[in-house]
Number of protein chains: 2
Amino acid sequence: MFEDILANVSKCIRLTAEEIPQFTDLLTTRSVPKKTMLLREGEICQFEGYIQKGCVRIYYLDENGFEVTLAFAVEDWWVSDIASFNYQVPSSLYMETLEDCELFILSPQTKEKLLDTIPKFERVFRMLVQRRLSALQDRLIHTISKPAADRYLEFIHLYPNISQRVPQYYIASYLGVSPEFVSTIRKRLAAKIK
Amino acid sequence: MFEDILANVSKCIRLTAEEIPQFTDLLTTRSVPKKTMLLREGEICQFEGYIQKGCVRIYYLDENGFEVTLAFAVEDWWVSDIASFNYQVPSSLYMETLEDCELFILSPQTKEKLLDTIPKFERVFRMLVQRRLSALQDRLIHTISKPAADRYLEFIHLYPNISQRVPQYYIASYLGVSPEFVSTIRKRLAAKIK
């Protein structure tokens, strides 16, 4: 049951036989049907979740009320609004499941207990936040500085696993272009491959 | 000499009398005159720097070669391209000093040694990255969703210490507006105050 999450953690730290149940006992499992909101703007994020199965979309609303997709998360990713979770402040984000999901959840309390009991987990969460910061920085810079067609190619190259599972209009909303534009690029690519 | 950086660290962890010199011995001091480039796009960032004195601007070039200011950093802030530093990949960023600066520097090697010697520093760096992620996420969302005048007011409210030290055209480049626009808002505000 815990193989995947333990493999994920073991990329950063080595747990002893004693520590493994100390960690897994703090996790709660959560099955969430697809199209369920995990978080809404204004709510305080109470979870840091490891995705065992499924796909989650993270987005916010722009000044015109349009959804802007910030990220997708699939198996072996952690999902949370880190700012809201750690400082217990209202979130600016929405999170919804795009597929049926199985999650392992840490709450602010169980995460704190985990860090008290096994302090080397600090490293796991540091690495996690670093990766997210790095991805967000890239997204901010590239959204502004790269043509949309290049960003689409980069997206399907970086996340082949996601681009095939997620509806085209969400990918468009991630890239900041219209669904018609994504459709046009796809057709052009298909024509090139033939 | 080390009072400020030790106070900064002590917000996250408690160092023993023995650990303090283990930490400070790993720091190198660097005096940098104003208008010096600390990092250029394409270079690999080799420092995680604590600003003892001075002001640094972090920016990137958009597709038209225009500078977009991503952040300013002043006393008691840490400055680094975390993605480039941690994964030793080329940076997309530029960093330049706006004033004469005094920095305490960790290199990838001394940071690794610090984390080996005093593992609880993981917490310091996790907190640091969390704050940066949170700021960047806010910036990404608000740049898109708030009117420029509101963002200017928010900026001077959040960073009064920075807005008075930094040339107006850099603040404009941070807010993504023209220097004339910042000038107009300032005049309007001054008229209201009178």
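**Sheets, cores and the contact between chains A and B**

Visitor: In strand 7 of chain A, which residue stands opposite Arg57(A)?
Guide: This is a predicted model, in which local features need pLDDT of at least 70 and side-chain atom pairs count only at pLDDT 80 or more, whereas totals for chains, interfaces and linings use all residues. Residues are numbered from 1 along each chain as its sequence is written, while chains are lettered from A and ligands numbered from 1 in the order in which they are written. Strand 4 (residues 56-61) and strand 7 (residues 94-97) of chain A run antiparallel and are joined by four bridges. Opposite Arg57(A), in strand 7 of chain A, stands Glu96(A).

Visitor: How many helices and how many strands does chain A have?
Guide: Both kinds of element are DSSP runs numbered from the N terminus, helices being H or I over at least four residues and strands being E over at least two. On that basis, the count for chain A is nine helices and eight strands.

Visitor: What is the order of the open sheet whose edge strands are strand 2 and strand 5 of chain A?
Guide: Two strands pair if DSSP finds at least two bridges between them, and strand 2 (37-39) and strand 5 (67-73) of chain A each pair on one side only. Neighbouring strands of this sheet are turned by 30° against each other on average, direction ignored. The sheet has four strands with antiparallel pairing, and its order in chain A is 2-7-4-5.

Visitor: What angle does helix 8 of chain A make with strand 5 of chain A?
Guide: Helix 8 (residues 168-175) of chain A packs on the sheet and touches strand 4 and strand 5 of chain A, a contact being two C-beta atoms, placed from the backbone, within 7 Å. Axes are lines fitted to C-alpha atoms, for helices over the stretch in contact, and angles run from 0 to 180 degrees between N-to-C directions. The direction of helix 8 makes with that of strand 5 of chain A an angle of about 105°.

Visitor: Which residue in the turn between strand 4 and strand 5 of chain A has a positive phi?
Guide: These two strands of chain A pair in the antiparallel sense over six bridges, and in strand 5 the bridge partner of Tyr59(A) is Thr69(A). They form a hairpin with five residues between them, and the turn residue with a positive phi of about 85° is Gly65(A).

Visitor: Which strands of chain A stand at the edges of the sheet with the order 1-8-3-6?
Guide: This is an open sheet of four strands with antiparallel pairing, in which strand 1 is joined by five bridges to strand 8 (residues 101-106) of chain A. The edge strands each have a single partner strand, so one side of each is left without a neighbour in the sheet; they are strand 1 (28-32) and strand 6 (78-79) of chain A.

Visitor: In the largest nonpolar core, which residues touch the most other members?
Guide: A nonpolar core is a set of buried Ala, Val, Leu, Ile, Met, Phe, Trp, Tyr and Cys residues joined through C-beta atoms within 7 Å. Leaving aside neighbours within four places in sequence, the contacts of Val56(A) include Leu38(A), Ile51(A), Met95(A) and Cys101(A). Of the 74 residues in this core, those that touch the most other members are Val56(A) and Val56(B).

Visitor: Why does Ser92(A) count as partly exposed?
Guide: A residue is buried if 20 or more other C-beta atoms, placed from the backbone, lie within 10 Å of its own, exposed if 12 or fewer, and partly exposed in between. Ser92(A) is found in the loop between helix 3 and strand 7 of chain A, and it touches Glu41(A), Tyr60(A) and Ile141(B), not counting residues up to four places away in sequence. Ser92(A) counts as partly exposed because its C-beta neighbours inside 10 Å number 19.

Visitor: Which residue of chain A comes closest to the rotation axis?
Guide: Copies are superposed by least squares on the C-alpha atoms of residues with pLDDT of at least 70 in both. A rotation of 180° with 0.0 Å of shift along its axis superposes chain A on chain B, at an RMSD of 0.0 Å, and the two copies are thus related as by a two-fold rotation axis. At 2.2 Å (C-alpha), the residue of chain A that comes closest to this axis is Arg126(A).

Visitor: Which helix supplies the largest share of the side of chain A that touches chain B?
Guide: The contact takes 26 residues from each of chain A and chain B. Helix 3 (82-87) and helix 5 (121-145) of chain A each supply at least two residues of the side that touches chain B. The largest share of that side, 15 residues, comes from helix 5 of chain A.
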